[in-house]
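Dear colleague,

I am passing on the structure we spoke about, and I would be glad if you looked it over alongside the notes that follow.

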Amino acid sequence: VKALAEGGPAAVSGLVDVGDIVTAANNQLINNLSHVELATLVLGTEGTAVVLDVLKRTPDGPLRREVVRLYRAILNSVSPLPLTVTPDVTPPSSFGAPPPPPPRLGTARGEAQGEAQGA
């Protein structure tokens, strides 16, 4: 996530942050979708839900998986940023645990921290 639409459901909910990695919408992986396909999947009738599978960055470095339900709203403006889907990690293949984070420089790679959160 590079930016949030001011006053949009993601920003208002506080459940999605800049820097999060959205891997799926409504149980459909998004890494190979075009801008139009992604917009069609995420945008919709006001008040209807969209469920996002999100990898959130943690202060310690590892990614934590969360499933976020947002309710669509009419936006007064659209972000001027072009929408590109370029995740820097491979999305989980089965919506199980997220892939392990890359090792951080100067630290030893430890055991996985925490379990993936379920829907």
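In this predicted model, the side chains of D17 and K56 come together in a salt bridge, with a distance of 2.9 Å from N to O. Because D17 sits in the loop between α1 (9-13) and β1 (21-25) while K56 belongs to strand β3 (residues 49-57), this pair ties together parts of the chain that are 39 residues apart in sequence. The two partners differ in their surroundings: D17 is partly exposed, at 37% relative accessibility, whereas K56 is buried, with a relative accessible area of 7%.

K56 also meets D20 in a salt bridge, here at 2.6 Å from N to O, and this pair likewise links distant parts of the chain, since K56 is in strand β3 and D20 is in the loop between α1 and β1, 36 residues away. Both K56 and D20 are buried. Taken together, D17, D20 and K56 are linked in a network of salt bridges.

A further salt bridge joins E66 to R64, whose closest N and O atoms are 2.6 Å apart. E66 counts as buried because its relative accessibility of 14% falls under the 20% cut-off, while R64, with a relative accessible area of 30%, is partly exposed.

By the rule applied here, the count comes to four salt bridges, among them the pairs D17 with K56, K56 with D20 and E66 with R64.

With best regards

Terms used
Residues numbered from 1 in each chain as written. Predicted model: local features only at pLDDT ≥ 70, side-chain atom pairs only at ≥ 80, totals over all residues. Heavy atoms only, no water. Helix = DSSP H or I, 4+ residues; strand = E, 2+ residues; numbered from the N terminus. Buried < 20%, exposed > 50% of the residue type's maximum accessible area, 1.4 Å probe, protein only.
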